[in-house]
Number of protein chains: 2
Amino acid sequence: MLFSSTHLRKYSLPQILTFSLCTSLAFEGLLPHVTSYNVGDWGDVIAYFSGGVFYYYGHQNLSIKNWEIHKIEKIVNEPMDTKEKILNGALELYNSKGINVSTRHIAAHISISPGNLHYHFKHTDDIVKELYNRLVAAFDELIKDFKQSGAIDRESLKSVYLQSFSIEYKYRFILLNFVEIGKRVPSIQAAYRELVKRRKAEFALIFRKMVSVGYFRSDLPNEIWESLATTFFILGDFWLSHNELIDKLKEYEAAVAYSKLMEYTILPLLADPNGS
Amino acid sequence: MLFSSTHLRKYSLPQILTFSLCTSLAFEGLLPHVTSYNVGDWGDVIAYFSGGVFYYYGHQNLSIKNWEIHKIEKIVNEPMDTKEKILNGALELYNSKGINVSTRHIAAHISISPGNLHYHFKHTDDIVKELYNRLVAAFDELIKDFKQSGAIDRESLKSVYLQSFSIEYKYRFILLNFVEIGKRVPSIQAAYRELVKRRKAEFALIFRKMVSVGYFRSDLPNEIWESLATTFFILGDFWLSHNELIDKLKEYEAAVAYSKLMEYTILPLLADPNGS
């Protein structure tokens with residue numbers, strides 16, 4: 001669990017100091033007796049330890065942040081053909097101008113003919129549907145990964161919230177206009193209702209597992225878990241609207257700030273709120 | 001605290017059985033020795049007790065529900081002059097048809113001339129502003145009452161959530177179209193930003209008080225209370241959108257169902273989650 005490419009783990013200070021100690025013993029204690037070009041030196045030992053401390057307090061946090069930004073960029077950037085270009089162009093316009101954007105406007109934005117656009121999508125609502133499906137698919141992927149990893153700890157949950165909120169930010173026009181889109185495209189509303197039903201059941205299972213492994217408290221009434229799933233949905237679907245009205249944060253900053261709401265909603269449910 | 005006209009309290013089973021016992025002792029034990037028309041009768045004693053049990057399991061819950069409905073109706077119904085009539089008519093139309101309703105449409109709906117309407121309101125946005133101000137005023141009143149009552153217990157908080165959610169249901173078109181209204185009427189968005197700032201400070205004070213009196217847990221990090229205020233705002237402002245997309249509950253049922261989210265958000269923060 002110390003080294004993992006799929007999940008970034010923060011080293012604790014004792015772990016890092018142990019590395020410094022091992023390095024000191026190896027290079028300054030042991031190797032000078034074996035080779036002639038290694039000389040034991042207390043200055044180096046001090047350097048190993050101060051390097052470790054610097055890594056713990058400074059560099060490690062920075063590299064975690066960069067790694068998270070990199071991961072989000074990987075989610076956000078995809079290869080492109082014409083259909084892809086239309087979807088990306090439409091997404092840009094919807095996010096910046098709202099949902100009343102015409103196919104003509106989208107075609108002009110990505111410099112193709114309206115005819116070419118109509119060959120791929122008959123109606124703007126078809127574009128909205130496809131973008132909605134992508135939003136859902138990105139979430140399905142995220143939840144599948146989370147269930148497979150089986151890791152339930154504060155860091156992995158934090159990472160899930162942050163990725164969720166980054167996905168939502170990418171498709172924010174849907175969530176900012178969700179009620180209106182639901183009215184305009186009834187098939188999206190129907191699909192969303194089904195999705196919420198399915199997800200609530202999934203969440204209930206996850207929460208129950210978290211109680212049974214002792215991660216969540218067991219002294220709370222059962223109804224709380226159903227309610228928590230709904231709270232997650234409302235926070236998850238409408239934090240963007242709150243941000244639009246109040247904080248107006250952008251991208252990574254928005255996702256970081258609002259995913260904290262999830263962390264703090266969970267915190268008092270933890271069996272050990274001050275542990276890791 | 002047993003009898004109160006401003007706050008309805010549920011009697012516990014032991015309290016009710018004590019009443020039955022006192023009545024039995026008075027009318028069947030004591031009075032037969034004093035008057036000639038009272039006769040001790042075990043059948044009556046059984047009737048007093050079964051009456052008490054019936055009241056506890058059936059009638060009491062029903063009368064609490066009726067009392068809550070009555071309180072909500074008092075909030076929802078107001079006297080009317082022409083300006084009042086316009087605002088109520090507009091509110092009805094906005095709630096049922098969305099925010100793109102013309103002044104002509106509103107005038108027709110309440111059977112006055114467009115000229116008469118324009119005498120009171122130059123533009124539909126002025127009507128929206130006035131309705132927004134009323135929503136805020138209703139909340140100010142509610143929070144003032146709550147702070148004055150000084151009552152912090154689960155029943156009084158439940159009552160506050162339910163009244164909040166009923167007020168919001170009344171003005172639901174604002175919350176269902178909040179992002180769009182904010183764009184269309186910038187003065188509303190600016191006022192809302194100020195309000196949220198002010199309210200968050202008020203909430204922080206209330207939460208700190210709740211920690212200091214031992215109602216809330218004291219083992220949680222300080223940041224949680226700020227986050228909780230934001231969560232309250234998102235739940236409070238957007239539960240209606242979630243309801244519109246998923247549950248489609250009406251009025252009292254909607255307010256009851258969704259105000260439970262507030263209760264359950266608070267529950268794990270309580271120092272004594274299983275107490276009253």
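## Basis of the model

Axes here are lines fitted to C-alpha atoms, for helices over the stretch in contact, and angles run from 0 to 180 degrees between N-to-C directions. This is a predicted model, in which local features need pLDDT of at least 70 and side-chain atom pairs count only at pLDDT 80 or more, while totals for chains, interfaces and linings use all residues; side-chain values use heavy atoms, without hydrogens and water. Residues are numbered from 1 along each chain as its sequence is written, and chains are lettered from A and ligands numbered from 1 in the order in which they are written.

## Two helices of chain A

In chain A, helix α7 (residues 154-170) packs against helix α11 (residues 223-247) at an angle of about 50°, and their axes are 10 Å apart. Helices are DSSP runs of H or I with at least four residues, strands runs of E with at least two, numbered from the N terminus. α7(A) and α11(A) are therefore oblique to each other (neither under 35, over 145 nor 65 to 115 degrees).

Contact (heavy atoms within 4.5 Å) involves Phe165(A), Glu168(A) and Tyr169(A) from α7(A), and Gly236(A), Asp237(A), Trp239(A) and Leu240(A) from α11(A).

## Relation of the two chains

A turn of 179° with a shift of 0.1 Å along the axis lays chain B on chain A with an RMSD of 0.4 Å, superposed by least squares on C-alpha atoms of residues with pLDDT of at least 70 in both. That is the relation of a two-fold axis. In chain B, Pro268(B) has the C-alpha nearest the axis, 2.8 Å from it.

Of the interface residues of chain B, 100% are also interface residues in chain A, so the copies meet through the same surface.
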